[in-house]
Amino acid sequence: MVKVTKEDRVFSKIVRAEGVCQAALVKVPNTPDGCSPGPLQCCHIVTRTRTWTRTYEPNGVSMCGKHHHWFTEHPVEWGKWVVATFGEALYRDVYQRSLRTDKFDWDEEYVRLKARAKELGVWP
């Protein structure tokens, strides 16, 4: 399991600021109906183990726990849903960015994330 960092916490607030389970907005065959109660979760199109997309906004998706869990267990359907919802170009952009191996500046990213979260009204 990947450790949750301060950057992850701010990024999650940014993604969840949308205020809606995106899986409920765009349906693909075989996905579950209805959302689970409780707080929204921050999902990643490409796994958050990849540095260059871990806190990249196009890689973040707001979902209820039910849909997050279901898509985690059904990766083929996840891929279909991502393309149906955001388009192939966005998926390719996120995937290509995830392959980068050059140094990432987490201090700079934390400053950027806090500013973005303040802009959205989800950070003090």
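Reader: Before anything else, what does "buried" mean here, and is E109 buried or exposed?
Author: Buried means under 20% relative accessible area, exposed means over 50%, and partly exposed lies in between. This is a predicted model, and in it E109 has a relative accessibility of 9%. Because that value is under the 20% cut-off, E109 counts as buried.

Reader: Which residue forms a salt bridge with E109, and how exposed is that partner?
Author: The closest N and O atoms of the pair are 2.9 Å apart, and the partner of E109 is R112. Both residues lie in helix α6, three residues apart, which is about one turn of the helix. At 36% relative accessibility, between the cut-offs of 20% and 50%, the partner R112 counts as partly exposed.

Reader: Which residues are joined into one network by salt bridges that share partners?
Author: The structure holds eight salt bridges, and one of them links D8 with R54, with the closest N and O atoms 2.5 Å apart. That pair connects distant parts of the chain, since D8 is in helix α1 and R54 is in helix α2 (residues 51-54), 46 residues apart. D8 is buried at 7% relative accessible area, and R54 is buried at 11%. The network made by shared partners consists of D8, R48 and R54.

Reader: Why are R92 and E88 separated by about one helical turn, and how far apart are their closest N and O atoms?
Author: The two residues are about one helical turn apart because they stand four residues from each other in helix α5 (residues 88-98). R92 is exposed at 52% relative accessibility, whereas E88 is partly exposed at 41%. They form a salt bridge, and its closest N and O atoms are separated by 3.0 Å.

Reader: What is the volume of the largest pocket, and which residues are closest to its centre?
Author: The volume of the largest pocket is about 570 Å³. Its lining has nine nonpolar, eight polar and three charged residues, and α1 (6-16), β1 (41-44), α3 (65-73) and α4 (75-86) each supply at least two of the lining residues. Of the 20 residues that line this pocket, the closest to its centre are C42, C43, H44, R48 and H68.

Reader: Which element gives the most to the lining of the second largest pocket?
Author: About 160 Å³ of space lies in this pocket, and its lining of 14 residues includes I14, V15, E18, E57 and G60, which lie nearest the centre. Helix α1, strand β2 (60-63) and helix α6 (106-120) each supply at least two lining residues. With three residues, the element that gives the most is β2.

How values were computed. Residues are numbered from 1 along each chain as its sequence is written. This is a predicted model: local features need pLDDT of at least 70, side-chain atom pairs count only at pLDDT 80 or more; totals for chains, interfaces and linings use all residues. Side-chain values use heavy atoms; hydrogens and water are left out. On a 1 Å grid over the protein atoms alone, a cavity is a set of points where a 1.4 Å probe fits but cannot get out, and a pocket is an open set with protein on both sides within 12 Å along at least five of seven lines; lining residues have an atom within 4 Å of a point. Grid points are joined across faces, edges and corners, and a volume is the space filled by probe spheres set on the points. Ala, Val, Leu, Ile, Met, Phe, Trp, Tyr, Cys and Pro count as nonpolar, Asp, Glu, Lys and Arg as charged, and the others, Gly among them, as polar. A salt bridge is a side-chain nitrogen of Lys or Arg within 4 Å of a carboxyl oxygen of Asp or Glu. Buried means under 20% relative accessible area, exposed over 50%, partly exposed in between (1.4 Å probe, protein chains only).
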